[in-house]
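Biologist: I would like to go through this model with you and ask about the reasons behind the labels. Could you put it up for us?

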Amino acid sequence: MPGGTAGSTAECAVTFVGTATTLLRLGPFRLLTDPNFVRRGQWIHVGHGIVTRRRTNPAMTIEELPELDAVVLSHLHGDHFDRVATRELDRALPIVTTPHAAGRLRKRGFAESVPMPRWSEWSTTKDGARLTITSLPALHARGLVGAVAPPVMGTLLDYERPGHHLRLYLSGDTVLHDELVEIRRRCPDIDLAVVHLGGTRILGHLISMDGWEGAELVELLRPLQALPVHHDDYGLFTSPLSEFQVEVARRGIPGVECVVPGMTLDVPTRETA
């Protein structure tokens with residue numbers, strides 16, 4: 001499972017910043033996912049009085065980011081949208097997220113937050129290219145913990161320019177559940193799946209996939225490539241990346257790419273008629 005390159009000029013690429021934060025280059029579009037920019041040793045709050053300390057540093061600061069077209073936010077937890085993001089991100093940026101998170105972010109001054117009910121779409125165009133973002137099913141936890149956890153969404157990004165197409169899936173902090181099968185039915189031909197791992201547990205219940213569940217999801221969706229993120233960064237993450245790697249190797253799953261923060265994975269587009 002080779003890693004990516006430290007820099008890239010490819011048309012489409014994903015730079016891993018840390019936790020679930022990535023910088024997406026999709027042709028002329030620049031998007032940020034799940035902005036988490038607190039430093040190693042700092043604490044974040046994940047709700048209901050639960051806090052956890054960061055073990056790693058992000059690969060860049062908000063000041064070092066390029067000009068962004070939008071932020072894609074899976075849900076509103078402190079390791080996905082932290083106090084640094086609240087303080088330093090441009091409040092005019094569209095933030096494509098769950099209706100729950102959009103309402104709360106608007107109260108923080110992010111007036112362009114876009115509420116995305118499940119299976120809804122948001123599109124934008126730039127320099128002859130189109131980007132369509134679709135909200136997909138996700139479930140933060142099962143049982144009682146799931147009833148009090150914030151709503152979370154998976155996300156599909158379809159990048160299109162004449163003769164070329166790229167389909168990218170962001171899992172969000174989901175656990176396995178029946179509605180994920182519908183993603184496979186409605187959204188075949190995924191080029192890259194960015195899979196949130198970590199095996200985070202609250203009261204014994206998973207609130208993000210461990211290595212086994214992550215491998216199950218990749219087998220279900222059958223993307224050309226898969227990129228694991230959201231692992232090893234916080235004390236609450238109980239399933240290290242190595243568990244996912246072992247499970248992927250055991251099953252013989254192809255196309256899994258592992259990168260460290262600061263590295264970039266090129267993602268080729270498909271040619272279309």
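What follows is a conversation about how the labels are reached, from the whole chain down to single residues.

Modeller: Happy to help! Please keep in mind that this is a predicted model.

Biologist: Let's start with the whole chain. What is its secondary structure, and why is it called as compact as a globular protein of its length?

Modeller: The chain has 6 helices and 18 strands. Its radius of gyration is 17 Å, and the globule rule gives 19 Å for 273 residues; the two values are close, so the chain counts as compact as a globular protein of that length. Along the principal axes, the C-alpha atoms fill a box of roughly 50 × 45 × 35 Å.

Biologist: How much of the chain is buried, and what share of the contacts joins residues at least 24 apart?

Modeller: Of the 273 residues, 57% count as buried. Taking contacts between residues at least 6 apart in sequence, 65% join residues at least 24 apart. The accessible surface is about 11,200 Å², with 52% of that belonging to carbon and sulfur atoms.

Biologist: Now strand S11. What makes you call S11 mostly covered?

Modeller: A residue is buried when its relative accessible area is under 20%, and 6 of the 8 residues of S11 (154–161) are buried.

Biologist: Which strands pair with S11? How do you know that they count as paired?

Modeller: Pairing needs at least two bridges. S10 (129–136) has 7 bridges to S11 and runs antiparallel to it, with Thr-134 opposite Leu-156. S12 (164–170) is also joined to S11 by 7 bridges, again antiparallel, and there Asp-158 faces Arg-167. The hairpin of S11 and S12 has 2 residues between the strands, and Gly-163 has a positive phi near 85 degrees.

Biologist: His-164 is in S12 too. Why is His-164 called buried?

Modeller: The relative accessible area of His-164 is 19%, and the cut-off is under 20%, so His-164 counts as buried. Beyond its neighbours within four places in sequence, His-164 is in contact with Tyr-159, Thr-269, Arg-270, Glu-271 and Thr-272.

Biologist: And Leu-224, why is that one called exposed?

Modeller: Exposed means over 50%, and Leu-224 has 54% relative accessibility, so it counts as exposed. Leu-224 lies in the loop between helix H5 (211–221) and strand S16 (225–229). Not counting residues up to four places away in sequence, Leu-224 touches Ile-190, Asp-191, Gly-255 and Arg-270. From Leu-224 to Gly-255 there are 31 residues in sequence and 5.9 Å in space, C-alpha to C-alpha.

Biologist: Which residues of H5 are buried, and what covers them?

Modeller: The buried ones are Gly-211, Glu-213, Gly-214, Ala-215, Leu-217, Val-218 and Leu-221. Their cover includes S12, H4 (180–186), S13 (192–196), S15 (205–206), S16 and H6 (241–251). After H5 comes Arg-222, with a positive phi near 50 degrees.

Biologist: One last residue: what makes Pro-66 partly exposed?

Modeller: Partly exposed lies between the 20% and 50% cut-offs; Pro-66 has 34% relative accessibility, so that label applies. Pro-66 is in the loop between S5 (50–53) and S6 (70–72). Leaving aside neighbours within four places in sequence, Pro-66 is in contact with Leu-23 and Arg-30. Pro-66 and His-77 are 11 residues apart in sequence, and their C-alpha atoms are 24 Å apart.

Conventions
Residues are numbered from 1 along each chain as its sequence is written. This is a predicted model: local features need pLDDT of at least 70, side-chain atom pairs count only at pLDDT 80 or more; totals for chains, interfaces and linings use all residues. Side-chain values use heavy atoms; hydrogens and water are left out. Helices (H or I, at least four residues) and strands (E, at least two) are DSSP runs, numbered from the N terminus. The radius of gyration is taken over C-alpha atoms; the globule rule is 2.2 Å times the number of residues to the power 0.38. Buried means under 20% relative accessible area, exposed over 50%, partly exposed in between (1.4 Å probe, protein chains only). Contact means heavy atoms within 4.5 Å. Accessible areas come from the Shrake-Rupley method with a 1.4 Å probe; for residues, only the protein chains shown count as cover.
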